[in-house]
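User: I should like to go through this model term by term, setting each value against the definition behind it. Please justify each label as we proceed.

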Amino acid sequence: MSQGASDRDRREVGIDALGVYTPRLALSLEDLARARGIAPEKVTVGLGAHTMAVAPPWEDAVTLGASAAARALARGGVAADEIGLLLLATETAVDHAKPASIFLHELLGLPTSCRTFELKHACYGGTAGLMVATEWLRSGAARGRKALVVASDIARYDIGSSAELTQGAGAAALVVSEAPRLLRLDPASGVYASQVYDFWRPLDRREALVDGKFSLDCYLTALDGALADYHRSHAGHAGATRDAGAGSGGSAHEREDAAGAPLADRLAAFLYHTPFPKMAYKAHLRLMESEWRRWGRAADLLGEAAERSYSGQVEPWLTMARQVGNTYTASLYLCLAWLAEQQGRALAGREIALFSYGSGCCAELFTGHLQPGCGEIAATIGAADLLRARRLLSVEEYEALSREAGGSRAPEPHEAGFCHLAAIRDHKRIYERAACPA
Ligand code: HMG
């Protein structure tokens, strides 16, 4: 690594504030399973899921994203004119040409001197945006401003298909800045990309198509690749830090790494892209197996260590995924929101890993440190309150809502977030801000 690159690494960059949002309507997956003639245990045990958020006709990727972003800015105390880059990641695009991000730009009152665009790589899009924002800040181009990265999606499959149980809807908004208050990102990260047809949505379809079993294999293969690349990247950055004369012979974590410690010994938590909670379980077992082999640990101790690690380092952060379902680009960041809100104070200063997977496919494994004092900003997220404020639908209501066209009906005041899709006229989408945003 060049000296210039390590200077960039030393800039403290990461997530300063985090907002999340999910529709006010939800469906019990046990009810849905029963209605489809499926054993409810397949959902609760086989997939590890509980409830899915249902997007009504007044919500789309713009409204969900704007609601999450408005919460991140207002609750995080970030002024609109501090934002110099707005990225919106979605695979639920509302137009083939006009980016969803420009609607947020207007709704949030962001300055005209703000670069903005929409980006896509299935569920990896949100992480792609985070990495673009991080590089923008590390490069010095931000000139003291912050980036707003929004990940917003509605996961829809055909009614009656096996993937129907893995739907959901929601958004996460990340304010990315120097001197972040929540999570400082480490420069090391591992990436994996490969062209596969595991999940896709042709331009004329609202519902995604998926080769379900194959998609699980693709996810795990991508995790293997990203993990191997992460170790290469981590070794390179640790070496460069030592060469640059840190003087102490590396940090405690780097010394542990050199001494042969699996990641689960070093890190406090692992967050995974979670299409359904059992996927995170499968992923963590795979990561633990790989780490065990890497460091030559005794094979007979793996099973118990992996289960213990899953229970303490993965499972506690899956609550939003279990209650909201798949939120595609936002899924990983809903896990971060839950971790920060529930345990941010206790884990301040600790390092965590995040694994992002997007079908098609591209994946990234990266790490960051929860900032000292992060409990204060984490307490503003309000994820648990969002879950409590939802109304459960019957299966019949869910099916009827799925047939309604976007913008065909206005929400009751308590059903909307920061804004709603009021109408589509002459192929133009009209959004209205709520009088008293939730
Ligand atoms: P399926 O055929 O409905 O279910 O597909 P299954 O038969 O594989 O059963 C699922 C689990 O339930 C199995 O557990 C069964 O044993 C268990 P496992 O063997 O895997 O541990 N089971 C039961 N357990 C207890 N009691 C019972 C019972 N019956 C069965 N009675 C599948 C499931 C997830 C494939 C399907 O829902 C699907 O296609 N979902 C969408 C695709 C998906 O989520 N893929 C995940 C990886 S790809 C990804 O994450 C990217 C994505 O987010 C998109 C993007 O990037 O944009 C999807």
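Analyst: The answers below take up the ligand shell, the cysteines, the strands, the loops and the backbone in turn. The model is predicted, with local features requiring pLDDT of at least 70, side-chain atom pairs counted only at pLDDT 80 or more, and totals for chains, interfaces and linings using all residues. Residues are numbered from 1 along each chain as its sequence is written, and side-chain values use heavy atoms, with hydrogens and water left out.

User: Which residues come nearest to the ligand, and how many residues are around it?

Analyst: There are 30 residues around the ligand, of which Lys42, Glu91, Cys123, Lys282 and Ser359 come nearest. A residue counts as near if one of its heavy atoms lies within 4 Å of the molecule.

User: What makes the approach of Glu91 to the ligand a polar contact?

Analyst: A polar contact is a pair of N or O atoms within 3.5 Å; within protein, one must be able to donate a hydrogen and the other to accept it, and residues adjacent in sequence count only if both atoms are side-chain atoms. An N or O atom in the side chain of Glu91 is 2.6 Å from an oxygen atom of the ligand, and therefore the pair qualifies. A backbone N or O atom of Ser162 lies 3.1 Å from a ligand oxygen atom, and a polar side-chain atom of Thr166 is 3.2 Å from a ligand nitrogen atom. The protein covers 76% of the 1100 Å² of accessible area that the ligand has on its own, as given by the Shrake-Rupley method with a 1.4 Å probe; for residues, only the protein chains shown count as cover.

User: Which elements give two or more residues to the shell around the ligand?

Analyst: They are helix 3 (40-47), helix 7 (212-243), helix 10 (277-294) and strand 12 (351-358). Helices (H or I, at least four residues) and strands (E, at least two) are DSSP runs, numbered from the N terminus. Helix 7 gives the most, with five residues.

User: How do the residues of the shell divide into nonpolar, polar and charged?

Analyst: The division is 15 nonpolar, nine polar and six charged. Ala, Val, Leu, Ile, Met, Phe, Trp, Tyr, Cys and Pro count as nonpolar, Asp, Glu, Lys and Arg as charged, and the others, Gly among them, as polar.

User: Why is Cys218 said to be in no disulfide?

Analyst: The structure holds zero disulfides. A disulfide is a pair of cysteine sulfur atoms within 2.5 Å. The cysteine sulfur nearest to that of Cys218 belongs to Cys361 and is 6.0 Å away, so the pair fails the criterion.

User: Why is Cys218 called buried?

Analyst: Buried means under 20% relative accessible area, exposed over 50%, and partly exposed in between (1.4 Å probe, protein chains only). Cys218 has a relative accessible area of 5% and is therefore buried. Cys361 is also buried, because its value is 4%.

User: What makes strand 2 (residues 25-28) paired with strand 3 (residues 51-54)?

Analyst: Two strands pair if DSSP finds at least two bridges between them. Strand 2 and strand 3 have four bridges in the antiparallel sense, so they pair. Ala26 stands opposite Ala53 in strand 3. Strand 2 also pairs with strand 14 (residues 391-393), in the parallel sense over three bridges, where Leu25 has Arg391 as its bridge partner. Leu25 and Leu27 point one way from strand 2, Ala26 and Ser28 point the other way, and all are buried.

User: How do you know that Thr329 is buried although it lies in a loop?

Analyst: Thr329 is in the loop between helix 12 (319-324) and helix 13 (331-347). Its relative accessibility is 2%, so it counts as buried. The side chain of Thr329 reaches the backbone nitrogen of Ser152 at 3.2 Å. Asn326 has its place in the loop between helix 12 and helix 13 and is buried, because its relative accessible area is 3%.

User: What is unusual about the backbone at Cys361, Ala122 and His427?

Analyst: Most residues other than glycine have a negative phi, and most peptide bonds are trans. A cis peptide bond, with omega about 0 degrees, joins Gly360 and Cys361. Ala122, which is not a glycine, has a positive phi of about 45 degrees, and phi of His427 is near 65 degrees, also positive.

User: Are Ala122 and His427 buried or exposed?

Analyst: Ala122 is buried, because its relative accessible area is 11%. His427 is exposed, because its value is 79%. The loop that holds Ala122 is between strand 5 (115-119) and helix 6 (125-139), while that of His427 is between strand 15 (419-425) and strand 16 (428-433).
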